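Good morning, and thank you for making time for this item. I would like to take you through some side-chain packing, and I ask that you keep the display in view as I speak.

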Amino acid sequence: SLYIHFSKLTSIFFPLLQVIGLAIVIASAWMLTDPTFVLSMTQSYNHYYIALYVFLGIGVLITIGAFFGCCGVLKESQCLLVSFFCVILVVMVAQIAAGAWAFHNKDKLDDIVRASVKYSVQEEYGQSSMSSRTVTFDTIQKNLKCCGADGPADWATSRFNNVDRTNIIDIAISSMNVFYNIPESCCKDELKDNVCEMSRKLKFGGNLNPAIHQQGCVDKLIELIYENWVLLFGITGGVVLLELLALTFSLSLCCAVRSQQYKA
């Protein structure tokens, strides 16, 4: 019968959606609890966590919606199938809106990342209240083999060197300091004992020590994001397509259930 035909199709899509929903929940929880996650540096501290909670909410909704769908098929319940349809429709509209916003603002990505990384270097790194950002930026500098936002010189006027960023005169004076320190994570790998420690004190305006990474992290971060941009949109598009098919089958299944009830 028509109901059996559609129930077989939906028995494939609903569990698959449930797996996707759970994967999103797990990924969100991991990013929320892992302070070393690289993408956290591409936005301000608050915006990053707001985005993660939204992402987590979408995962929970997909999981709940898929559960409604599976129960609706097993119990031949129009109510549960309609609930699935409504939940997934809301999620799909949210995903399309988020994707459209991201694509529209793609050209602004450089400025957003540059501002966020620069702020972290100048204001947040090394501060006791922002320890997670310090750990994250150390991880970025080690893994991407970079130093500072645009280069090691960024550290000369940062709070890491006890510069009062609210005082313009203090910033100007710090720029004239003969020496400034940089984090240990700026050092290249496999250096001999004490080489990193001696290389961390730099002379303002002087030549950079070859033991230190000389490229800034902004360009490397942007490059990393662009490399995965197509993959990200491809995965999002695939999930939306799967949701669209699931919505179509759930609506058809709902009609088949009603038809079956009328015949009964």
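Let me begin with two aromatic residues: Tyr 125 is buried, and Trp 155 is buried as well. I should say at once that this is a predicted model. Four rings, those of Tyr 125, Phe 137, Trp 155 and Phe 160, are joined into a cluster by ring pairs.

I turn next to the other side of Trp 155, where Asn 161 comes in. Asn 161 sits in the loop between α5 and α6. Is Asn 161 buried or exposed? Its relative accessible area is 18%, and the limit for a buried residue is under 20%, so Asn 161 counts as buried.

Which backbone atom does the side chain of Asn 161 reach at 2.6 Å? It is the backbone oxygen of Trp 155. A polar atom of the Asn 161 side chain also lies 2.9 Å from the backbone nitrogen of Asn 181. Leaving aside residues up to four places away in sequence, Asn 161 touches Trp 155, Ala 156, Tyr 180 and Asn 181. Trp 155 and Asn 181 thus appear both in the polar contacts and in the list of touching residues.

Now to the helix α4. It has 16 residues, and from its first C-alpha to its last it reaches 21 Å, close to the 22 Å expected at 1.5 Å a residue. Its buried residues include Leu 109, Val 113, Val 117 and Val 121, and also polar ones such as Ser 116, Ser 120, Gln 122 and Glu 124. Just after α4, Gly 126 adopts a positive phi of about 85 degrees.

Finally, the aromatic pairs as a whole. How many aromatic pairs are there? The count comes to 6. One of them is formed by Phe 14 and Phe 84, with ring centres 4.4 Å apart and planes at 55 degrees; an angle over 60 would be edge-to-face and one under 30 stacked, so this pair is tilted. The pair links distant parts of the chain, with Phe 14 in helix α1 (residues 2-33) and Phe 84 in helix α3 (residues 78-104), 70 residues apart. Both partners are buried: the relative accessible area is 1% for Phe 14 and 0% for Phe 84.

Tyr 125 and Trp 155, with which I began, form an edge-to-face pair, 4.9 Å centre to centre with 70 degrees between the planes. Thank you for your attention.

Technical notes. Residues numbered from 1 in each chain as written. Predicted model: local features only at pLDDT ≥ 70, side-chain atom pairs only at ≥ 80, totals over all residues. Heavy atoms only, no water. Phe/Tyr/Trp six-rings, centres within 6.5 Å; stacked < 30°, edge-to-face > 60°. Helix = DSSP H or I, 4+ residues; strand = E, 2+ residues; numbered from the N terminus. Buried < 20%, exposed > 50% of the residue type's maximum accessible area, 1.4 Å probe, protein only. Polar contact = N/O pair within 3.5 Å; in protein donor to acceptor, adjacent residues only side chain to side chain. Contact = heavy atoms within 4.5 Å. Expected span 1.5 Å × (residues − 1).
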